[in-house]
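Q: Hi! Could you walk me through a few spots in this one with me?

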Amino acid sequence: MKKMPESKRLMNKEEFGEIVKVSGPLVVARDMPRVQMNEVVWVSEERLIGEVIEVRGNLASIQVYEETAGLGPGEPVASSGAPLSVELGPGLLGNMFDGIQRPLEQLRQMTGNNIPRGIHLPSLNRQQTWAFEARVAVGDKVTGGDIIGVVQETPLVEHRVMVPPYLSGVIRSISSGEYTVEDTVAELEVDAAAAARPLQEAEEGAIVPLRLMHSWPVRRGRPYKSKLTPEEPLVTGQRPMDTFFPIAKGGTAAVPGPFGSGKTVIQHQLAKWAEADIVVYIGCGERGNE
């Protein structure tokens, strides 16, 4: 077994464990009594990002989202205390991310075309400023999903800054101006209803800062008031589809077919001509040219 690093020996044993097994992307660690399912952990001194997928007794199984070659028993595993989450706010549009929301263009500028292990950057640019225009006033009562202001993210897209889900209370301060995504644009005094919710850690009367961005766990569905029934057709600009295979706005569609049949081509055509302001492309297991 490898000698335990000096940095690991100085850590709190309740928050840091050690590797006992490595099998491809699966790492098993022990001595992490407070770790929870779906929690993010940092594996080895290189701080490879991983997610806990099973807790059994004194052992935690971890899915590592980076290359694990060279890892071995005895190396440290640090608990982050938070689930795998994404950052939501202005600056997402026009960017490209990997599966754990690392900004690929910024990583390429830092390290070149080959991204080394253990490299982490904030998903949203922390230096860029946005013109925030307040839409509520001090003393207004708001709840999760209410719009407190807007940011013109692109010439066509108005980004609406909302109260995070499960929060509610009274606006104690708010002002328009130029802000980064980490700056506080408003302060909310939490009410009794929000303090009583199981997912809300703030106490009644606590002052919670509201920013242009907030984090959200990827495995927790976003709450909604109601689901709307699709009623209008989505004009795709492709006459065969609009005539024979119409798609509803808010609906779903699938394009099955063998390789070479044009699935990606029609996807490109939809992205280019469909009646949509925002196109989000998610590539899972596809070749780079697709």
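A: Happy to! β4 and β5 run antiparallel and are joined by six bridges. Strands here are DSSP E runs of at least two residues, helices are H or I runs of at least four, and both are numbered from the N terminus. Two strands pair if DSSP finds at least two bridges between them. This is a predicted model: local features need pLDDT of at least 70, side-chain atom pairs count only at pLDDT 80 or more, and totals for chains, interfaces and linings use all residues. Residues are numbered from 1 along each chain as its sequence is written, and side-chain values use heavy atoms, with hydrogens and water left out.

Q: Cool. How many residues lie between β4 and β5 in the hairpin?
A: Two, and Gly-57 in that turn has a positive phi of about 65°. Arg-56 stands opposite Leu-59 in β5.

Q: And what does β3 do with β4?
A: Strand β3 (residues 39-43) pairs with strand β4 (residues 48-56) in the antiparallel sense, over four bridges. They form a hairpin too, with four residues between them, and Ser-44 in the turn has a positive phi of about 70°. Val-40 has Glu-51 in β4 as its bridge partner.

Q: Back to β5 then. Is Ser-61 buried or exposed?
A: Ser-61, which is in strand β5 (residues 59-64), counts as buried because its relative accessibility is 12%. The cut-offs are under 20% relative accessible area for buried, over 50% for exposed, and partly exposed in between, with a 1.4 Å probe and protein chains only.

Q: What is Ser-61 in contact with?
A: Leaving aside neighbours within four places in sequence, Ser-61 contacts Leu-26, Val-27, Val-28, Glu-51, Val-52, Ile-53 and Glu-54. Contact means heavy atoms within 4.5 Å.

Q: New topic: what's the strand order in the open sheet of four strands?
A: The order is β11-β10-β8-β13, with antiparallel pairing. β11 (158-162) and β13 (177-179) stand at the edges with a single partner strand each, so one side of each has no neighbour in the sheet.

Q: How does β8 pair with β13?
A: Strand β8 (residues 130-134) pairs with β13 in the antiparallel sense over three bridges. Ala-131 stands opposite Glu-178 in β13.

Q: Last one: where is Val-255?
A: Val-255 is in the loop between β18 (247-248) and α5 (263-273). Its relative accessible area is 40%, so Val-255 is partly exposed. Not counting residues up to four places away in sequence, Val-255 touches Lys-263 and Ile-266.
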